[in-house]
Amino acid sequence: ARYHPDDREFLLNTMAEVTKGNIPDHPICVRKKCNDGSKEWMYLEKEFSCVKNKEGEVVTIIGTHKDVTDRHRMQTLLEESVRRMGFAIKSANLVLWEFDVNSRQLKSYNEPLVHFEDTYLMLSDEFLRYTHPEEIAKTNSMFELMKDRKDEPFTFQIRLKYPADSNWHYCMVVGAPFVKDDKTGQVIKYVGLRRDITEMTLINQKLEEEKIKAQEADRLKSAFLANMSHEIRTPLNAIVGFSNLLEETKDEEEKAKFVQLINTNNELLLQLINDILDLSKIESGVMDLHCEEFDFAKAFQHLYDNFKERIKNPAVDFICENPYKSCMLYADSNRILQIQTNFITNALKYTHKGFVKMSYQCVDDGLKLMVEDTGIGISKENQERIFE
């Protein structure tokens with residue numbers, strides 16, 4: 001009656017087997033009330049032997065018991081500590097590992113590479129199969145450091161492919177010597193932690209990209225505003241020039257053409273001013289396109305007439321090749337005319353004799369715009385920047 005209710009049947013069965021001569025292979029542990037009358041249980045480790053008569057019958061049972069309460073408490077505390085450590089490691093998404101230098105085997109706890117099988121032993125060559133190709137050399141150097149029994153802690157960042165999702169995970173690996181040979185003093189075991197830092201790494205990469213994008217946006221703003229002074233001058237000069245010509249001419253047909261050219265340049269100037277006021281387009285790196293159907297052949301001819309009236313250098317022939325009477329296009333007319341205007345303006349600016357020719361042709365399902373001149377041309381370095 002002094003034994004714990006859960007242990008009584010086990011103790012009685014053991015005693016019954018001993019009376020038959022069946023001695024347990026190892027000591028048994030049972031709980032018994034403490035002698036001090038407290039409600040605590042003491043743990044007793046019991047061993048049995050027996051004496052038999054000539055007929056082989058058990059006549060005497062000899063037993064010993066030892067109080068192992070303190071040892072049991074220590075074991076319970078240790079098991080609790082291990083459970084807590086295991087919970088902490090899993091909660092923090094860590095991998096606890098140890099590397100045996102003599103056997104060259106890696107043992108991990110909470111290891112996603114082997115579907116969290118904690119008893120799995122892995123050789124370094126197998127571990128390398130999960131490593132990113134670009135970091136094989138780095139991972140090899142980590143294993144070589146341990147194989148050379150270096151008595152120093154280390155840190156490595158590597159990428160591993162987890163079988164569960166087949167994605168590359170950024171991992172931080174830290175390790176240190178843990179067990180040394182008593183005779184030689186050489187390291188025989190390393191332990192360490194591996195932490196998945198994929199989320200943090202991707203956030204840092206995103207922040208770096210945003211930083212570069214912000215710096216580029218600032219640069220684009222400056223370049224944009226600097227270039228706009230040049231861009232605005234072209235339609236503004238046309239508006240002023242044709243307004244003066246409008247006063248001088250008496251030909252009604254010519255007046256109508258001048259009015260149309262002024263209106264075209266008004267639209268282009270308005271678009272440029274809208275761009276200046278809306279710098280958010282530059283920050284996003286995207287210009288808005290307002291597409292509609294229009295006759296490009298007619299717009300192209302107007303653009304030519306616009307420039308032809310303003311050319312003052314008789315040494316330069318301004319040529320227009322408009323191969324179609326009508327060419328219907330679905331696009332942003334202002335943007336296309338703005339680009340074409342920039343190339344024609346620069347060609348005229350840097351061509352002092354010879355010719356400047358503007359042309360276009362339908363190619364596949366698109367339109368190829370061309371400006372050819374006998375001037376100095378555009379340097380290769382600037383070509384790459386302009387046509388980016």
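**A buried glutamate, two nonpolar cores and a helix pair**

Glu111 counts as buried because its relative accessibility is 1%, where buried means under 20% relative accessible area, with a 1.4 Å probe and protein chains only. The model is predicted, so that local features need pLDDT of at least 70 and side-chain atom pairs count only at pLDDT 80 or more, whereas totals for chains, interfaces and linings use all residues. Residues are numbered from 1 along each chain as its sequence is written, and side-chain values use heavy atoms, with hydrogens and water left out.

Glu111 is located in the loop between β5 (105-109) and β6 (121-123), and its side chain forms a polar contact of 2.6 Å with that of Arg194. Apart from neighbours within four places in sequence, Glu111 is in contact (heavy atoms within 4.5 Å) with Val95, Phe116, Glu117, Asp118 and Arg194.

The largest nonpolar core, a set of buried Ala, Val, Leu, Ile, Met, Phe, Trp, Tyr and Cys residues joined through side-chain atoms within 4.5 Å, has 22 residues, and those with the most contacts inside it are Trp97, Phe127, Met146, Phe154 and Leu160. Two or more residues are given to this core by each of β4 (94-100), α4 (136-147), β7 (154-161), β8 (168-180) and β9 (187-196). A second, separate core of 20 residues includes Phe296, Phe300, Leu329 and Ala331.

The axes of helices α6 (residues 252-277) and α8 (residues 296-308), lines fitted to C-alpha atoms over the stretch in contact, come within 10 Å and cross at roughly 100 degrees. The two helices α6 and α8 are therefore roughly perpendicular, a term that covers angles of 65 to 115 degrees.

Key. Axes fitted to C-alpha atoms, helices over the stretch in contact; angles between N-to-C directions. Helix = DSSP H or I, 4+ residues; strand = E, 2+ residues; numbered from the N terminus. Parallel < 35°, antiparallel > 145°, perpendicular 65-115°, else oblique. Buried < 20%, exposed > 50% of the residue type's maximum accessible area, 1.4 Å probe, protein only. Polar contact = N/O pair within 3.5 Å; in protein donor to acceptor, adjacent residues only side chain to side chain.
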